[in-house]
Amino acid sequence: QLLRMRPPLGEVAFIWDWLFAAAVGDRIRNNCPTISPRLLRVLRQRDALVEHARGLGYSDDEIRAFIADPGEKARMRDLARAYLAAHGVTRGDAESYCRLGRAEIAAGSKIGQLIYEH
């Protein structure tokens, strides 16, 4: 029986894109006092990502290893910082985070689906 080749989890677009959205959304909500996470949606999306990975044949141990991998965390952190900077966010400027958060919410982006303004 031939082994089915699987890409590393960090190369599975569906998973990476939602994790990236969560990472950016987390930075926005941690720096903008009027934006919070949509907790139920975040939890549902997390479960959907785990199920998707399992459906591709990844074990729970492989999923946990990917999530805990320091290299993947650093790559995500760097990409999130670059995204924020490219969208006019300045560290220490809460309103710049709020502005991006509002834009993501209005656009209905993956990021915007995970946060809300109150």
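The side chain of Ser96 reaches the backbone oxygen of Asp93 at 2.7 Å, and that contact is a good place to start a tour of this predicted model. From there, we move on to an aromatic pair that links two helices and then to two pockets, the largest with a volume of about 810 Å³ and the second largest with about 180 Å³.

**Around Ser96**

- Ser96 sits in helix H5, which covers residues 94–107.
- With a relative accessible area of 2%, Ser96 counts as buried, because the cut-off for that label is under 20%.
- Besides reaching Asp93, the Ser96 side chain has a polar atom 3.0 Å from the backbone nitrogen of Thr90.
- Once neighbours within four places in sequence are set aside, the contacts of Ser96 are Gly88, Val89 and Thr90.

**The aromatic pair**

- Searching the whole structure turns up 1 aromatic pair.
- The partners are Phe20 and Tyr83, arranged edge-to-face, with 5.5 Å from centre to centre and 85 degrees between the planes.
- Phe20 belongs to helix H1 and Tyr83 to helix H4, so the pair ties together parts that lie 63 residues apart in sequence.
- Phe20 is also buried, at a relative accessible area of 16%.

**The largest pocket**

- Its lining is made up of 31 residues, and those nearest the centre of the largest pocket are Trp18, Leu19, Ala22, Ala23 and Ile67.
- Four elements give two or more residues each to this lining: helix H1 (13–31), helix H2 (39–55), helix H3 (60–68) and helix H4 (70–86).
- H1 provides the largest share of the lining, at 11 residues.
- Sorted by class, the lining of the largest pocket holds 21 nonpolar, 8 charged and 2 polar residues.

**The second largest pocket**

- The residues lining the second largest pocket are Arg27, Asn31, Arg81, Leu84, Ala85, Val89, Thr90, Arg91 and Tyr97.
- Val89 and Thr90 will be familiar here, as both are among the contacts of Ser96.
- H1 and H4 each contribute at least two residues to this lining, and H4 gives the most, with 3 residues.
- By class, the lining of the second largest pocket splits into 4 nonpolar, 3 charged and 2 polar residues.

Note on methods: Residues are numbered from 1 along each chain as its sequence is written. This is a predicted model: local features need pLDDT of at least 70, side-chain atom pairs count only at pLDDT 80 or more; totals for chains, interfaces and linings use all residues. Side-chain values use heavy atoms; hydrogens and water are left out. On a 1 Å grid over the protein atoms alone, a cavity is a set of points where a 1.4 Å probe fits but cannot get out, and a pocket is an open set with protein on both sides within 12 Å along at least five of seven lines; lining residues have an atom within 4 Å of a point. Grid points are joined across faces, edges and corners, and a volume is the space filled by probe spheres set on the points. Ala, Val, Leu, Ile, Met, Phe, Trp, Tyr, Cys and Pro count as nonpolar, Asp, Glu, Lys and Arg as charged, and the others, Gly among them, as polar. Buried means under 20% relative accessible area, exposed over 50%, partly exposed in between (1.4 Å probe, protein chains only). A polar contact is a pair of N or O atoms within 3.5 Å; within protein, one must be able to donate a hydrogen and the other to accept it, and residues adjacent in sequence count only if both atoms are side-chain atoms. Contact means heavy atoms within 4.5 Å. Rings of Phe, Tyr and Trp (its six-membered ring) pair if their centres lie within 6.5 Å; planes under 30 degrees apart count as stacked, over 60 as edge-to-face and the rest as tilted.
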